[in-house]
Amino acid sequence: MSNDVPHLPPRPGHRCGRLLRAGAAAATGWAAAAAALGSGELVAAFTGPGTAPVIVVGAAAIDLTPTSLKEYAVRTFGTDDKPVLLGGIYLATALLAAFAGVLAACGPVLGASVFAAFGLLGTWAALSRPEAGAADAAPALAAGLAATATALVLARMLRAATPAASPTTAPRVTPEHPVSGDGPGEHPAERDGGTSRRAVLAATGGTIAVGALAGLGGRTLSDRRYDIGAARTAVRPPPAARPLPPLATALHPGVPGLSPFVTPNPDFYRVDTALTLPRIDPRRWTLRIRGMVDHPLLITFDDLLREPLEELDHTLSCVSNEVGGPYVGTTRWLGASLPALLRRAGVRPGADQLVGRSQDGMTIGTPLESVLDGRRALLAVAMNGEALPVAHGFPCRSVVPGFYGYTSATKWLVDLDVTTFAAFDPYWVRRGWDRTGAVRTASRIEVPAPFARVPAGNVTVAGTAWATHRGIAAVEVRVDGGPWEETLLTTDPGPDMWRQWSHTWTGAAPGTHRIEVRATDATGTVQTENRATPFPAGAAGWHSTVVTVT
């Protein structure tokens with residue numbers, strides 16, 4: 001009779017052992033990822049916050065994302081779209097690292113190659129940025145090398161600590177040598193490897209801790225090295241050469257719950273592609289005006305402040321704004337006259353596009369004839385009486401009334417190129433958006449809030465309408481598809497600002513009701529009922545809200 005071990009189903013202890021080994025392998029992958037992120041952040045403290053591996057990969061992901069998916073992200077997550085994207089990158093990194101750790105347990109070189117590929121991906125992403133230099137790739141290269149080396153070392157330690165199991169090494173069952181019921185923990189090789197397993201655990205945990213500390217340290221060092229808070233605080237924009245009078249209180253109807261007429265800086269919307277805010281020291285900032293001009297200009301921040309500064313009350317809106325959406329605000333801008341600087345440079349015949357370029361490489365194109373047609377376009381240095389917040393373009397941004405931000409408002413502006421539409425397609429135009437970006441007439445109901453419960457009788461309805469650089473002539477509301485009724489408009493502030501309105505809905509009866517609004521601009525054009533999505537030229541359609549009268 002043969003004494004060979006018969007085929008038996010795996011015992012629970014064996015399954016647990018495999019799970020533990022897989023978990024240990026995944027943990028080594030996480031340790032390699034921690035080493036990568038920590039190394040990348042440390043190096044980025046010297047090459048700039050925008051060169052950190054996660055940031056450059058995220059920026060590349062934004063550039064490669066289809067427009068429809070970008071619009072879905074803005075619509076779904078609003079101004080939280082960037083934290084969601086970064087969170088997704090970290091989650092994907094954790095999953096990929098775990099997979100690479102398991103691969104490395106089977107073959108260290110195989111698993112390490114995944115991390116090396118990730119480092120190369122980060123390097124490509126860093127160098128693909130429009131304003132990238134060779135040094136910008138250093139954080140991603142450091143991250144890839146750290147991850148690859150860590151994965152190789154920990155994978156080999158783990159393999160050395162894990163006994164090989166194969167049919168040829170299985171014990172023989174004899175009366176003198178029965179199979180122990182204590183499971184694989186009693187195998188002599190496993191007893192010998194106990195210390196090694198503890199060493200793997202210690203090395204893995206220590207690497208994760210050191211990587212996390214390095215990442216936090218690198219981020220802290222970067223924040224300190226590139227902090228411009230004091231430089232911004234020191235900026236004292238001079239008064240306008242001809243200050244505008246204070247805005248009248250009658251511009252707001254005084255309805256509780258309605259947006260303030262002037263949007264406070266902290267509440268002003270922010271929609272852009274920057275995962276980390278460009279931090280520009282105004283003492284080192286310069287602006288080039290070049291291209292199809294007779295006299296190219298190089299302007300410092302002090303030069304800009306010495307210009308005769310102008311004030312502009314202006315409503316700026318984002319093309320991604322849905323009907324009734326929040327991405328619109330009004331502020332008093334202060335800056336140098338953009339048309340005056342362009343005329344000083346001497347615009348050549350044939351030029352029809354002005355391309356603004358941001359510090360982070362974003363390009364925004366504006367119809368040149370509109371900049372020079374008499375409207376007050378600015379190189380803004382302040383909003384609402386203080387230096388531009390960093391999130392809104394400090395130290396300088398462009399503002400051109402009549403257009404959505406994607407064709408008129410370059411934040412962190414460092415370059416103005418006078419060119420033609422035929423010669424250059426800016427960032428958003430290359431992605432299918434309308435080349436001109438003129439603001440569509442829009443109106444929204446803010447009071448009552450959606451799905452509000454209001455008492456029967458007389459109900460106050462109020463909201464805001466805008467048609468930048470055309471102005472608002474009338475706003476009407478209707479209830480449940482009934483006749484349109486004209487609302488009470490506040491004082492006309494001028495064509496470049498929104499206009500607020502109010503209306504008393506009399507005899508509101510109990511039940512659920514739908515309220516709609518439409519505006520007429522100063523040219524006599526009535527806001528269209530036909531719905532259009534923000535892409536490619538801005539949302540259109542009547543805003544409505546549903547309320548319950550009790």
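Both faces of strand β6 are covered: Thr363, Gly365 and Pro367 on one side, and Ile364 and Thr366 on the other, are all buried (buried means under 20% relative accessible area, exposed over 50%, and partly exposed in between, with a 1.4 Å probe and protein chains only). The model is predicted, so local features need pLDDT of at least 70 and side-chain atom pairs count only at pLDDT 80 or more, while totals for chains, interfaces and linings use all residues. Residues are numbered from 1 along each chain as its sequence is written, and side-chain values use heavy atoms, with hydrogens and water left out.

**Strand β6 and its partner**

- Strands and helices here are DSSP runs numbered from the N terminus: E of at least two residues for a strand, H or I of at least four for a helix.
- Strand β6 covers residues 363-367, and because five of its five residues are buried, it is largely enclosed by the rest of the structure.
- In a regular strand, side chains take turns pointing to the two faces of the sheet.
- Strand β5 (residues 353-358) pairs with β6 in the antiparallel sense over five bridges (two strands pair if DSSP finds at least two bridges between them).
- Look for valine 355: its bridge partner in β6 is glycine 365.
- The two strands β5 and β6 make a hairpin with four residues between them, and glycine 361 in the turn has a positive phi of about 95 degrees.

**Threonine 407**

- You'll find threonine 407 in the loop between β9 (397-399) and β10 (413-419).
- Threonine 407 counts as buried, at 1% relative accessibility.
- Not counting residues up to four places away in sequence, threonine 407 touches Ile364, Gly365, Thr366, Asp434, Arg435, Thr436 and Gly437 (contact means heavy atoms within 4.5 Å).

**Nonpolar cores**

- A nonpolar core is a set of buried Ala, Val, Leu, Ile, Met, Phe, Trp, Tyr and Cys residues joined through side-chain atoms within 4.5 Å.
- The largest one has 53 residues, and Ile289, Leu304, Trp333, Leu338 and Leu379 touch the most other members.
- Strand β7 (residues 378-383) gives the most to this core, with six residues.
- Leaving aside neighbours within four places in sequence, leucine 338 is in contact with Leu354, Val371, Ala377, Leu378, Leu379, Val400 and Leu416.
- Apart from the largest core lies another, of 24 residues, including Ala52, Leu275, Val319 and Ile364.

**Arginine 21**

- Arginine 21 sits in helix α1 (residues 12-47) and is partly exposed, with a relative accessible area of 38%.
- Its contacts, leaving aside neighbours within four places in sequence, are Leu158 and Thr162.
- Arginine 21 and threonine 162 are 141 residues apart in sequence, yet 8.0 Å apart in space, C-alpha to C-alpha.

**Cavities**

- A cavity is a set of points, on a 1 Å grid over the protein atoms alone, where a 1.4 Å probe fits but cannot get out; lining residues have an atom within 4 Å of a point.
- Grid points are joined across faces, edges and corners, and a volume is the space filled by probe spheres set on the points.
- There are five cavities of 30 Å³ or more, and the largest holds about 160 Å³ of space.
- Of the 19 residues lining the largest cavity, Asn321, Glu322, Ala442, Trp466 and Ala539 lie nearest its centre.
- The second largest cavity holds about 80 Å³, and its lining includes Ala33, Thr93 and Phe118.
- Helices α1, α4 (81-106) and α5 (108-127) each supply at least two residues of that second lining.

Key: 1 Å grid on protein atoms, 1.4 Å probe; cavity = no way out; pocket = protein on both sides within 12 Å on 5 of 7 lines; lining within 4 Å.
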